[in-house]
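These are my notes from a session with one structure. I kept each entry short and put the cut-offs beside the terms.

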Amino acid sequence: MKHMDHSIYAAELFCKGYNCAQAIAVAFSDVTGLTPEYSAGMASSFGGGLGRLREVCGAVSGMALVAGILYGYETPDPARQKEHYERIQELAGQFRHQVGSIVCRDILKNPPTDPTPSPRTAEYYSQRPCARMVFIAAQVLDAYIAAHPIK
């Protein structure tokens, strides 16, 4: 996969039924070195703003998850924690700047939090901005990776 295809691929994955966080994690599995299956399982809890609680957008959580795999710290180290948290705040801030919020319920205009997933129908996809959110999160992450090559 070419570097700039992540945003399109992530949106396609969402439209194939993956949740927003899974779409990001799976789209970047070529960069993380994780299998798509492992990536999907690892990100499965973050869809719908954390299990459909409508908290932080799953696309943002997926972006943070991938950033943690690529740039995160492995042992307690306050300096590395600060550096990584600054990175995550920068990524989330870029997403917020483009979308207006990083909170699922704000983006979706306060939808229900019932844990039952909505059926993925043509109407669902036409009414939800989630494929666009996934696309934007992948673009933000691609730009960050391009500017901060993985060592």
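**Entry 1: handedness and helix pairs**

I start with a convention: a crossing is left-handed if the near helix is turned anticlockwise from the far one by less than a right angle, and right-handed if clockwise. With that in hand, I looked at H2 and H4, and H2 passes H4 in a right-handed crossing. Helices here are DSSP runs (H or I, at least four residues; strands are E, at least two), numbered from the N terminus.

Before going on, I noted that this is a predicted model, where local features need pLDDT of at least 70 and side-chain atom pairs count only at pLDDT 80 or more, while totals for chains, interfaces and linings use all residues. Residues are numbered from 1 along each chain as its sequence is written, and side-chain values use heavy atoms, with hydrogens and water left out.

**Entry 2: H2 against H4**

I looked up the geometry of helix H2 (residues 20-27) and helix H4 (residues 36-43): their axes cross at roughly 150° and come within 8 Å. H2 is therefore roughly antiparallel to H4. My angle classes are under 35 degrees for roughly parallel, over 145 for roughly antiparallel, 65 to 115 for roughly perpendicular, and oblique for the rest. Axes are lines fitted to C-alpha atoms, for helices over the stretch in contact, and angles run from 0 to 180 degrees between N-to-C directions.

Which residues meet here? From H2 I listed Ala-21, Gln-22, Ala-25 and Val-26, and from H4 Pro-36, Ser-39, Ala-40 and Ala-43. Contact means heavy atoms within 4.5 Å. The residues of this H2 and H4 contact divide into six nonpolar, two polar and no charged. For those classes, Ala, Val, Leu, Ile, Met, Phe, Trp, Tyr, Cys and Pro count as nonpolar, Asp, Glu, Lys and Arg as charged, and the others, Gly among them, as polar.

**Entry 3: Ser-29**

I found Ser-29 in helix H3 (residues 29-32). Is it buried or exposed? Ser-29 is buried, at a relative accessible area of 11%; buried means under 20%, exposed over 50% and partly exposed in between (1.4 Å probe, protein chains only). Leaving out residues up to four places away in sequence, Ser-29 touches Leu-34, Thr-35, Pro-36 and Ser-39. Pro-36 and Ser-39 also appear on the H4 side of the contact with H2.

**Entry 4: H6 against H10**

Next I took helix H6 (residues 58-71) and helix H10 (residues 130-147), which pack at about 25° with axes 9 Å apart. H6 and H10 are therefore roughly parallel to each other, and their crossing is right-handed. H6 brings Ala-59, Met-63, Val-66, Leu-70 and Tyr-71 to the contact, and H10 brings Met-133, Val-134, Ala-137, Val-140, Leu-141, Tyr-144 and Ile-145. I counted 12 nonpolar, no polar and no charged residues there.

**Entry 5: two arginines in a loop**

I checked backbone angles in the loop between helix H5 (47-50) and H6, where Arg-52 lies. Its phi is near 60°, a positive value in a residue other than glycine. Arg-54 is found in the loop between H5 and H6 too, with phi near 65°. Arg-52 counts as buried at 11% relative accessibility, and Arg-54 is buried at 3%.

**Entry 6: the whole chain**

I closed with totals: the protein chain has 10 helices and zero strands. Of its 151 residues, 42% count as buried.
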